[in-house]
Amino acid sequence: MLVDTHCHLADAAFEADAGEVVARARAAGVGHVVVIGETPEAADRARALAAAHPSCSTTAGLHPHEASRWSPDLEADLRARLRDPGVVAAGETGLDYHYEHSPRARQREAFAAQLALAAAAGKPAVVHAREADADVAAELRNQPGAVAILHSFSSAGLLRAALDAGHYVSFSGMVTFRSWALDDALRAVPADRLLLETDAPYLAPVPHRGRRNEPAYVADTARRVAEVRGVGLPELVAQTTANAVRVFGARVAC
């Protein structure tokens, strides 16, 4: 069964029907959903969801948009959260120089600290990168003990640095968009470093454009990735699920 490795199921968009969303995912062949806790508040909601739905696990971290909040207290809080076996990764962390909701220096500070916390906890870091390829690559080089997952990948400039360091690359519904122009990147990722995600409620794939995205739709992304890579869908599903279990741990096993 598929694993949706990145879903904001704790978002307000799912407040009224999260249980139904999880059931639809299961019916669509999605055996596990990694729910992103991109702030302490979102991490709390994600933890409650995972407690109610065994097919969900969570992350905990601070999004670059929120990096101005980074503090010693928040760092200590995240260190404690990463000791929870149900928290399978740090993040979503990273750098976003497109919106710059937080100053770049604070983003780099929070990103570096979260990579270090993830490495110390023996867990991967879910990395958001937008218009910040060089600095993301530099931070990853500075933290050789960290394992990164480049989420909703769409940046060819960062790919080689990530692959050379053995990191994972996750693709979202963007691969189905008419504007998608990175099929070469889809083919370049080694089979044992490839992951799939929705980033729901955002980035709904074709044929669901214009609707709220949800974990069930990761199947549409899987079909497109299999087509581009020239492999059968069952092979792609088996490989990406094995990769998810390897990087996140047995908690995500379907």
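Phe153, Phe171 and Trp180 come together as one aromatic cluster. The model is a predicted one, and it holds 2 aromatic pairs. In the pair made by Phe153 and Phe171, the ring centres are 5.8 Å apart and the planes meet at 75 degrees, an edge-to-face arrangement. Phe153 sits in the loop between β6 (148-150) and α6 (156-164), while Phe171 belongs to strand β7 (residues 168-171), so this pair ties together parts that are 18 residues apart in sequence. As for solvent, both Phe153 and Phe171 are buried.

Phe171 also pairs with Trp180: their ring centres are 6.2 Å apart with the planes at 85 degrees, so this pair is edge-to-face too. Phe171 and Trp180 are both buried. Phe171 thus turns up in the pair with Phe153 and in the pair with Trp180.

Then there are the charges over rings. Arg104 lies over the face of Tyr97, and the distance to the ring centre is 4.1 Å. Over the ring of Tyr168 sits the charged end of Arg193, 4.7 Å from the ring's centre.

Away from the aromatics, Asp220 deserves a look. This residue is placed in helix α8 (residues 218-229). Its relative accessible area comes to 14%, and the cut-off for buried is under 20%, so Asp220 counts as buried. What does Asp220 touch, leaving aside its neighbours within four places in sequence? The contacts are with Thr176, Pro205, Val206, Pro207 and His208.

Key:
Residues numbered from 1 in each chain as written. Predicted model: local features only at pLDDT ≥ 70, side-chain atom pairs only at ≥ 80, totals over all residues. Heavy atoms only, no water. Phe/Tyr/Trp six-rings, centres within 6.5 Å; stacked < 30°, edge-to-face > 60°. Helix = DSSP H or I, 4+ residues; strand = E, 2+ residues; numbered from the N terminus. Buried < 20%, exposed > 50% of the residue type's maximum accessible area, 1.4 Å probe, protein only. Lys NZ or Arg CZ within 6 Å of the ring centre and 35° of its normal. Contact = heavy atoms within 4.5 Å.
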